[in-house]
Amino acid sequence: FAAQRHVLTYMEDAVSQLLENREDISQYGIARFFTEYFNSVRQGTHILFREFSFVQATPHNRASFLRTFWRCFRTVGKNGGKYSSICCYLLTAQEYHCLLQLLCPDFPMELTQKAARIVLMDDAMDCLMSFSDFLFAFQIQFYYSEFLESVAAIYQDLLAGKNPNTVIVPTSSSGQHRQRQPPNDCNPLEGVEASLFYQCLESLCDRSKYSCPPSALVKEMLSGVQRITFYGFLMALAKDQGINRALGALPDKGDLFLDPAMDQELEKLVAQVSGLSVSGPASSSADTANMTVRNSPRINSPWRPLHHRRKMDAESEGSNEETDSSEN
């Protein structure tokens, strides 16, 4: 159970956080720190602003990151924008990457580009994409990253007539993703035999220690075609709602822009801000100027991400150097 849930990964990270921030944590107590830490793991907020190596370290971390990205930026797809006449923003891969970096500052551009290539196929990488198209493609690329690396190798071997059983399954989760050569899917008549492709994928899923989509769903998806291309397969994975439900990070596409809990919180914030900014009809400009502004309540966490702490320390040292030089 401990290995399946990656308990050791979280214990090591918790102890590392404890040692790094022991001065701050001493104000709260070690017991409270561990309670707060594992509550954040359970809620999926523990990946916020963390380094990419931690964000992609476990399936739970990946699912938490996907869910957080959706909840934070779903309004990108919900609201109208300058690029679209159908009530949704359309963004480029670079712009989606900027959004990802707001949650994970060192998120690799390569993963964003791979996700965009699933949507755009042979189109230019600076083309615009809807939020829902990018999100479901990104989910497949990010969560099943190691699986897709092996699938690409299997596909290339099948095209070349080689034995796919010689494919090496990735064994490193260090966060360094190899550059995948896009298979040639230009000709729609090209591709590989779907039944043979599935046999290879089934064997891959049986021996892989990384997350793979359910074999039964993949079989059902491929049973309706005779031949399939690599990016055709990836697009089918991204669009399959059965695979989306099995992964469990995102809602169905029809409910993608619905999040009642988040909407209630946003409505409370809007009401609070509106109450501060709107004055009564009898209020004078002097009263408005002297009106006391209430600060939104802040909940201080007993721990901070490691890279955030180091960044603050570095800025503090730089500030001291400037002060010393100005005094001289």
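These legends describe close-up views of a predicted model.

**View 1. The whole chain combines 17 helices with four strands.** The chain has 328 residues, and buried residues make up 40% of them. Its accessible surface comes to about 18,500 Å². Carbon and sulfur atoms hold 53% of that surface. Among contacts with a separation of 6 or more, 71% join residues 24 or more positions apart.

**View 2. The largest nonpolar core holds 74 residues.** Phe-65, Phe-197 and Phe-233 touch the most other members of this core. Helix 9 (residues 131-143) supplies the largest share, nine residues. Two domains contribute to this core: domain 1 (1-43) and domain 2 (44-164 + 190-261) each give at least three residues.

**View 3. Phe-65 and its neighbours in contact.** Leaving aside residues up to four places away in sequence, Phe-65 touches Ile-47, Val-55, Leu-100, Leu-103, Cys-104, Phe-107, Phe-138 and Phe-142. Phe-65 is also one of the three residues that touch the most other members of the largest nonpolar core. Rings matter in this view too. Ring pairs link Phe-65 into a cluster with Phe-52, Phe-69, Phe-73, Tyr-96, Phe-107, Phe-131, Phe-134, Phe-138 and Phe-142.

**View 4. Phe-197 and Phe-233 form an edge-to-face pair.** The whole structure contains 21 aromatic pairs. In this one, the ring centres of Phe-197 and Phe-233 are 5.2 Å apart. Their planes meet at 85°, so the pair counts as edge-to-face, the class for planes over 60 degrees apart. Phe-197 belongs to helix 11 (residues 194-207) and Phe-233 to helix 13 (residues 230-239), so the pair ties together parts 36 residues apart in sequence. Phe-197 is buried, at 0% relative accessible area. Phe-233 is buried as well, with a relative accessible area of 0%.

**View 5. Two arginines lie over phenylalanine rings.** The charged end of Arg-50 sits over the ring of Phe-54. Its distance from the centre of that ring is 4.1 Å. Arg-62 lies over the face of Phe-142, at 5.9 Å from the ring centre. Phe-142 is also a member of the cluster linked by ring pairs, and Phe-142 is among the residues that Phe-65 touches.

**View 6. Phe-49 has a positive phi.** The value is near 65°, in a residue other than glycine. Most residues other than glycine have a negative phi. Phe-49 is placed in the loop between helix 3 (30-43) and helix 4 (52-55). Its relative accessibility is 42%, so Phe-49 counts as partly exposed; the partly exposed class runs between 20% and 50%.

**View 7. Tyr-89 and Thr-92 lie in loops on either side of strand 1.** Tyr-89 is in the loop between helix 6 (75-78) and strand 1 (90-91). Tyr-89 is partly exposed, at 30% relative accessibility. Thr-92 lies in the loop between strand 1 and helix 7 (93-103). Thr-92 is buried, with a relative accessible area of 16%, because buried means under 20%. Met-129 appears with both residues. From Tyr-89, Met-129 is 40 residues away in sequence and 8.4 Å away in space, C-alpha to C-alpha. Thr-92 touches Met-129, along with Asp-126, Cys-127 and Leu-128, not counting residues up to four places away in sequence.

**View 8. Leu-204 is a buried residue of helix 11.** Its relative accessible area is 0%. Leu-204 and Pro-164 are 40 residues apart in sequence. In space, their C-alpha atoms are 9.7 Å apart. Helix 11 also carries Phe-197, from the edge-to-face pair of View 4.

How values were computed. Residues are numbered from 1 along each chain as its sequence is written. This is a predicted model: local features need pLDDT of at least 70, side-chain atom pairs count only at pLDDT 80 or more; totals for chains, interfaces and linings use all residues. Side-chain values use heavy atoms; hydrogens and water are left out. A nonpolar core is a set of buried Ala, Val, Leu, Ile, Met, Phe, Trp, Tyr and Cys residues joined through side-chain atoms within 4.5 Å. Buried means under 20% relative accessible area, exposed over 50%, partly exposed in between (1.4 Å probe, protein chains only). Helices (H or I, at least four residues) and strands (E, at least two) are DSSP runs, numbered from the N terminus. Domain bounds come from an automatic or database domain assignment. Contact means heavy atoms within 4.5 Å. Accessible areas come from the Shrake-Rupley method with a 1.4 Å probe; for residues, only the protein chains shown count as cover. Rings of Phe, Tyr and Trp (its six-membered ring) pair if their centres lie within 6.5 Å; planes under 30 degrees apart count as stacked, over 60 as edge-to-face and the rest as tilted. A charge sits over a ring if NZ of Lys or CZ of Arg is within 6 Å of the ring centre and within 35 degrees of the ring normal.
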